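Here's a quick briefing on this one, meant to be read with the structure open beside it. The ligand surroundings come up early, and the overall layout follows.

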Amino acid sequence: MSPHHLRAFLLMFILPSLTGMSWPQAGPAGTPQQVMQATGAASAESKACITCHQKQHGALIVEQWAASLHAKAGVGCYECHQYKGGPATFQHYGKTVSVLVTPKMCGSCHAEEVQQFEASHHAQAGHILGSIDNVLGDQVEGPPAAVMGCAKCHGSMIKVLPNGKLDPATWPNIGIGRVNPDGSLGSCSVCHSRHTFSVAIARQPESCGYCHLGPDHPQAEIYAESKHGVTYRTLIGQMNLDSPSWVLGKDYNAAPTCATCHMGAAAKLASTHDVGTRLSWNLRPEIAVRTKDWQAKRTQMTGICLNCHASEWVGDFYTQYDNVVNLGNVKFFQPASLIMKKLAVAGKLTKTPFDAPIKWTYFELWHHEGRRARMGASMQGPDYVQWHGFYDIAKIFYSDFIPEAEQLLPGVTRQVMAMPEHQWLKSLSQPKEEKTRE
Ligand code: HEC
Ligand code: HEC
Ligand code: HEC
Ligand code: HEC
Ligand code: HEC
Ligand code: HEC
Ligand code: HEC
Ligand code: HEC
């Protein structure tokens, strides 16, 4: 055993057992003792990084790393930041390093997670150039807003400048589907948070809520409102969030988080980094659509629910949810889309997006209120189904969209408004004034 290895051995196994100290769980930042232990276990290359970087950035990076499972496993600074032949490397105190640590790099040790992730919609999230939202960000609003808005969630296309530096229009960026110069997609640290790379952080709803919130996809708010979110918040101490194994029904059963339902393991269900494998609807488009093989995907999701609920409860929930999605499609979104098509055919709309009030009205109808209502239904947030959902849909549809369409082309809404769903307009009489209850 070399003196170097002897020191590592002493630090890792002998000293902790003598002092009653055990290796730390991944936590926010390591103590000086943990830093010493971790440094001892690191490779010679990484030791050089650590020794100098301890004096940089208030030593935070080193301390976070020292508390991680990576430190325990001897995966140090150099093991991740070395990048032979990488696209954005620089010479750094005698070593070639890259500030980018892409999924391709992580994949050299975590092939399965990377494979699942790369097959997901998350990995594709940087490819938004062709979308209507992109016109909004890049043209209607302006590129600096897109750099610090859209791209922070979706991911930028990271560009290396001729001088070898990263282009500040694309960096820093930890967006979920960023396009890395090595061709790999995504950024693992957006959920795992460097340099702890903790599973506990990733399992909390807050890590998803960095992106999944706001007027057009308020999943974090819906979850917080739901009984699941309320129960989680109250019983967080029973969630076993930093346990290496996290199988629902075995390691915890207090409440489900986002990660439980969309990624987590249960008795007969493996965990996955492809968040789309349990979804039977795609709720994002103008008109919600079934996913490919949706029945099989629904069966996967119910494999989670059934750990805590009876099958009838779960089956009936899905009936209520499907009914809400179908109601929106049939009563509001197919009709609105039809009217927009008729206006276009009649030459009443230009090809330019967002150049007329009705285009904004229609965009918000499906992109904001429509999504909110059905997302609220999918995850049991009644206020998002109702007051942030169908109330806004109905108000905008009847009092903005229909009048605006009629103004552009009288008669264009006649066919739609003849549907039985809209006959309440004619047949209802004013109800008696609501009385305050005694
Ligand atoms: C002798 C001191 C020293 C050594 C050794 C050293 N670094 Fe650094 N490193 C620095 C300083 C100083 C900076 C710049 C900090 C700043 O600008 O705030 C830096 C910056 C970095 C950056 C960020 C670059 C950027 O553009 O954002 C990375 C990544 C990095 N070092 C990794 C490493 C790795 C990996 C090793 C070991 C192979 C290492 N460093 C060894 C001192 C050192
Ligand atoms: C498990 C892999 C991994 C290990 C181990 C690791 N890093 Fe990093 N490091 C990353 C990732 C990921 C990023 C973010 C860059 C990106 O998004 O690609 C990063 C970013 C950085 C940055 C620039 C970010 C900033 O906030 O300025 C520095 C500096 C850095 N690491 C230094 C270190 C040092 C020093 C160590 C050892 C104590 C270390 N890293 C260990 C993966 C790692
Ligand atoms: C040189 C190999 C190596 C590289 C590169 C590497 N890891 Fe790891 N990682 C490990 C080992 C070993 C462990 C600990 C054993 C285990 O849980 O698999 C680990 C554990 C983890 C864990 C579990 C931590 C916990 O608290 O349970 C996460 C998350 C993780 N790595 C993410 C990443 C990410 C993200 C990257 C790239 C930025 C990366 N790793 C790069 C080897 C590596
Ligand atoms: C706060 C983070 C965030 C910002 C900012 C953001 N998005 Fe998104 N975007 C998301 C999330 C999360 C989804 C997926 C929602 C879901 O699945 O319910 C999404 C969905 C989308 C979709 C639909 C993708 C599909 O598969 O149907 C497009 C297109 C899109 N965003 C483009 C943009 C553009 C362009 C901008 C800037 C104008 C932008 N987004 C700003 C987080 C964000
Ligand atoms: C959307 C958030 C998210 C992203 C992005 C993400 N992870 Fe994870 N990861 C998680 C969650 C949540 C867990 C815990 C899963 C569990 O225990 O059920 C986890 C667990 C892990 C683990 C521990 C072993 C396991 O599979 O449970 C490793 C290793 C890991 N992730 C690596 C990666 C790598 C590499 C990437 C980049 C390709 C990545 N993760 C991207 C959320 C994410
Ligand atoms: C950095 C931003 C970001 C974070 C963090 C994030 N997501 Fe996403 N998520 C997105 C975007 C953007 C999309 C839409 C991708 C697309 O379709 O282009 C998306 C899509 C999804 C989808 C729909 C997938 C599909 O196949 O239709 C699910 C489910 C999802 N995310 C769950 C999660 C969960 C659970 C977490 C936390 C563990 C999480 N996300 C963390 C940005 C993020
Ligand atoms: C109790 C389980 C559960 C929890 C907890 C949960 N979800 Fe969901 N989620 C679902 C179900 C069920 C659906 C609808 C699936 C379907 O259509 O078949 C869904 C749908 C989604 C979608 C797809 C929306 C689309 O555009 O099609 C996203 C994104 C999402 N959830 C993100 C999240 C986030 C982020 C959290 C936490 C803040 C979360 N979920 C918490 C069960 C859950
Ligand atoms: C870890 C356990 C757990 C999992 C997994 C779980 N739930 Fe729940 N669920 C609960 C708890 C706890 C409550 C609150 C019960 C109460 O207080 O009455 C609840 C409440 C509900 C409610 C009643 C609230 C309402 O708004 O109607 C429905 C419906 C529901 N869950 C459906 C589901 C579905 C669907 C899934 C799977 C996608 C699921 N649950 C997964 C624990 C769980």
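**Around ligand 4**

α10 (132-141) and α12 (150-154) each put at least two residues into the shell around ligand 4. Keep in mind that this is a predicted model. The bullets below finish off that shell, then go through ligands 6 and 8, the chain as a whole, and a helix with a kink in it.

- The shell around ligand 4 counts 17 residues, and the closest are Ser 131, Asp 133, Gly 137, Cys 150 and Cys 153.
- α10 makes the largest contribution to the ligand 4 shell, with four residues.
- By class, the ligand 4 shell splits into six nonpolar, nine polar and two charged residues.
- Domain 2 (82-197) and domain 3 (198-424) each give at least three residues to the shell around ligand 4.

**Around ligand 6**

- Ligand 6 has 24 residues around it, with His 121, Ala 125, Cys 208, Cys 211 and Gly 276 coming nearest.
- Several helices supply at least two residues each to the ligand 6 shell: α9 (121-124), α12, α13 (189-192), α15 (205-209) and α18.
- No charged residues turn up in the ligand 6 shell, which has 14 nonpolar and ten polar ones.
- Where does ligand 6 sit relative to domain 2 (82-197) and domain 3 (198-424)? Both domains give residues to its shell, so ligand 6 lies between them.

**Around ligand 8**

- Out of 17 residues around ligand 8, the nearest are Lys 227, Pro 256, Cys 305, Cys 308 and Gln 380.
- At least two residues of the ligand 8 shell come from each of α17 (227-234), α18 (258-262), α19 (294-305) and α20 (311-345).
- The class split for the ligand 8 shell is nine nonpolar, seven polar and one charged.
- Cys 308, one of the nearest residues to ligand 8, is in the loop between α19 and α20.
- Is Cys 308 buried, partly exposed or exposed? Cys 308 counts as partly exposed, because it has 18 C-beta neighbours inside 10 Å, and the buried class needs 20 or more.
- From Cys 308 to Asp 138 there are 170 residues in sequence and 45 Å in space, C-alpha to C-alpha.

**Whole chain and domains**

- The chain has 24 helices and six strands.
- Along the principal axes, its C-alpha atoms fill a box of roughly 90 × 55 × 45 Å.
- Of the chain's 438 residues, 33% count as buried.
- Taking contacts between residues at least 6 apart in sequence, 57% join residues at least 24 apart.
- The chain divides into domain 1 (1-81), domain 2 (82-197) and domain 3 (198-424).
- Where domain 1 meets domain 2, the contact takes 13 residues from domain 1 and ten residues from domain 2.
- On the domain 1 side of that contact, α4 (60-66) and α6 (77-81) each supply at least two residues, and α6 has the largest share, at four residues.
- That domain 1 side comes out as seven nonpolar, four polar and two charged residues.

**Helix α21**

- Helix α21 (residues 357-378) runs for 22 residues and reaches 31 Å from its first C-alpha to its last, close to the 32 Å expected.
- α21 does have a kink of about 35 degrees, centred on Gly 370.
- Gln 380 follows α21 and has a positive phi, near 60 degrees; Gln 380 is also one of the nearest residues to ligand 8.

Definitions and conventions: Residues numbered from 1 in each chain as written. Chains lettered and ligands numbered in written order. Predicted model: local features only at pLDDT ≥ 70, side-chain atom pairs only at ≥ 80, totals over all residues. Near = placed C-beta within 6 Å. Nonpolar A, V, L, I, M, F, W, Y, C, P; charged D, E, K, R; others polar. Domains from an automatic or database assignment. Contact = placed C-beta atoms within 7 Å. Buried ≥ 20, exposed ≤ 12 C-beta atoms within 10 Å, placed from the backbone. Expected span 1.5 Å × (residues − 1). Bend = angle between axes of the 7 residues up to and from the residue.
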